[in-house]
Amino acid sequence: METVVSGIRSTGKLHLGNYYGAVRNFVKMQHEYNCYFFIADLHSLTTHPTPEDLYANVRQVMVEYLAAGIDPEVATIYIQSDVPEVVELYLYLNMNAYIGELERAASFKDKVRANPDNVNAGLLTYPVLMAADILLHHAVKVPVGKDQEQHLEMTRTFANRFNRLYKTDYFAEPHAVSFSKQLVKIPGLDGKGKMGKSEGEGNAVYLSDSPEAIRKKVMRAVTDSGPTQPNQPKPEVIQNLFTLLEAVSTADTVQHFDELYNTCQIRYGDLKKQLAEDMIAATASVRERIHDISNDNDYISKVIRQGNEKARESARKTVAEVREIIGFRKF
């Protein structure tokens, strides 16, 4: 089977953006591909979490991976920092990643604007670490969100550059894969952009949120004063709500509110109430499993040990071969 690799940063609880943009695809793909799904705790260090938060966040993401339906008997689930070969391959790829191309990465420029006092080297070389994650297991398919497409293109660049430099065809080109017609980007509730943990507590709906918390967050979502003429284009803040509706609601529901908007009859309060209830229904089974798995420490530890062993087996082979290609040999 073809190999798939993807991961999520351990910066807190998983939200609907993580679920619809990545984890739901993971669950589908695990039976059709040789899957490696990791918890990107090394990536999370760019934001300098405390030791206590780092540990708790890794555990929480592992629990939510399992609760969402990733089967450790089928897919390989592991913690990034438990596989030291990731860091070694990251170093080798960094030697052939040029500062100009890294500085041009859209995500890097966004981070610089948002956090000018924390422009660290890890942010700059983030795409290289992502490339190491992918190439370590020779993935040919990578389920990524729309905002990660550029990073995946850079992974292909690094793979091809390694091949040219060492006159080999060792690394194959990985490509994005999604089960939907287009890569999914779930917007946040603040009307500004994608759903994310760093955008403020009210921006994201978490898989573990209680129904009451979901209702409260959605009812506070940003809207406008409403359409003033039939069939006018939706501004971003309203389109974001409809995008969320498309993710969790039936097609009939989306069509109903779309018609109300186009005829200037929409009441945003009604739309939000429907959206909140559909979000609650969509996350109900996952929320229940999160609670159950969180209380089973032995099971969590077993899954982590098993996944790390499987990941390292693949990783050791790749790094040994890369070292040989580069010219590292024992005297």
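Of the 331 residues of the chain, 48% count as buried. The model is a predicted one. Its secondary structure consists of 13 helices and five strands.

## Overall dimensions

A compact globule with 331 residues would have a radius of gyration near 20 Å, and the chain, at 21 Å, agrees with that. Along the principal axes, the C-alpha atoms occupy a box of roughly 80 × 45 × 40 Å. The accessible surface is about 16200 Å², and carbon and sulfur atoms hold 51% of that area. Among contacts in the chain with a separation of 6 or more, 77% join residues 24 or more positions apart.

## Nonpolar cores

In soluble globular proteins, nonpolar side chains tend to be buried together. Here the largest nonpolar core has 60 residues, and Val23, Met62, Tyr65 and Met279 have the most contacts inside it. Helix H12 (residues 268–294) gives this core its largest share, nine residues. Another core lies apart from it and has 39 residues, including Val86, Ala105, Leu123 and Phe162.

What does Met62 touch, leaving aside its neighbours within four places in sequence? Its contacts are Ile39, Ile77, Ile79, Ile300, Val303 and Ile304. Of these partners, Ile300, Val303 and Ile304 are buried residues of helix H13.

## Helices H13, H8 and H7

Helix H13 covers residues 297–326; at 1.5 Å a residue its 30 residues should span 44 Å, and the 42 Å between its end C-alpha atoms agrees with this. An α-helix has 3.6 residues a turn, so residues three or four places apart point the same way. The buried residues of H13 are Ile300, Val303, Ile304, Gly307, Asn308, Ala311, Ser314, Ala315, Thr318, Val319 and Val322. Just after this helix, Gly327 adopts a positive phi of about 120°.

Helix H8, with 17 residues, reaches 24 Å from its first C-alpha to its last, close to the 24 Å expected at 1.5 Å a residue. Its buried residues are His151, Leu152, Met154, Thr155, Arg156, Phe158, Ala159, Arg161, Phe162 and Asn163. One of them, Phe162, also belongs to the core of 39 residues. The buried residues of H8 pack against helices H4 (99–103), H5 (106–114) and H7 (126–135), strands E4 (141–142) and E5 (175–176), and H13.

Gln150 is also in H8, which runs over residues 149–165. Is Gln150 buried or partly exposed? Gln150 is partly exposed, because its relative accessible area of 33% falls between the 20% and 50% cut-offs. Not counting residues up to four places away in sequence, Gln150 touches Arg104, Ala105, Ala106 and Ser107. One of these partners, Ala105, is listed in the core of 39 residues. The C-alpha atoms of Gln150 and Asn160, ten residues apart along the chain, are separated by 15 Å.

Helix H7 is one of the elements against which the buried residues of H8 pack. Ten of the ten residues of H7 are buried, so the helix is largely enclosed by the rest of the structure. Those residues are Tyr126, Pro127, Val128, Leu129, Met130, Ala131, Ala132, Asp133, Ile134 and Leu135.

## Positive phi outside glycine

Most residues other than glycine have a negative phi, and most peptide bonds are trans. His48 departs from this with a phi near 55°, and its place is the loop between strand E2 (34–40) and helix H2 (51–68). His138 has a positive phi of about 55° as well, in the loop between H7 and E4. Lys167, just after H8, takes a positive phi of about 50°.

## Cysteines and side-chain exposure

A disulfide is a covalent bond between the sulfur atoms of two cysteines. How many disulfides does a search of the whole structure find? The count is zero. Cys35 is buried, with a relative accessible area of 2%, while Cys264 is partly exposed at 34%.

The table lists the exposure of residues discussed above.

| Residue | Relative accessible area | Class |
|---|---|---|
| Cys35 | 2% | buried |
| His138 | 29% | partly exposed |
| Gln150 | 33% | partly exposed |
| Cys264 | 34% | partly exposed |
| His48 | 54% | exposed |

The two histidines with positive phi thus fall into separate classes: His48 is exposed, and His138 is partly exposed.

Terms used. Residues are numbered from 1 along each chain as its sequence is written. This is a predicted model: local features need pLDDT of at least 70, side-chain atom pairs count only at pLDDT 80 or more; totals for chains, interfaces and linings use all residues. Side-chain values use heavy atoms; hydrogens and water are left out. A nonpolar core is a set of buried Ala, Val, Leu, Ile, Met, Phe, Trp, Tyr and Cys residues joined through side-chain atoms within 4.5 Å. Buried means under 20% relative accessible area, exposed over 50%, partly exposed in between (1.4 Å probe, protein chains only). Helices (H or I, at least four residues) and strands (E, at least two) are DSSP runs, numbered from the N terminus. Contact means heavy atoms within 4.5 Å. The expected span of a helix is 1.5 Å times one less than its number of residues. A disulfide is a pair of cysteine sulfur atoms within 2.5 Å. The radius of gyration is taken over C-alpha atoms; the globule rule is 2.2 Å times the number of residues to the power 0.38. Accessible areas come from the Shrake-Rupley method with a 1.4 Å probe; for residues, only the protein chains shown count as cover.
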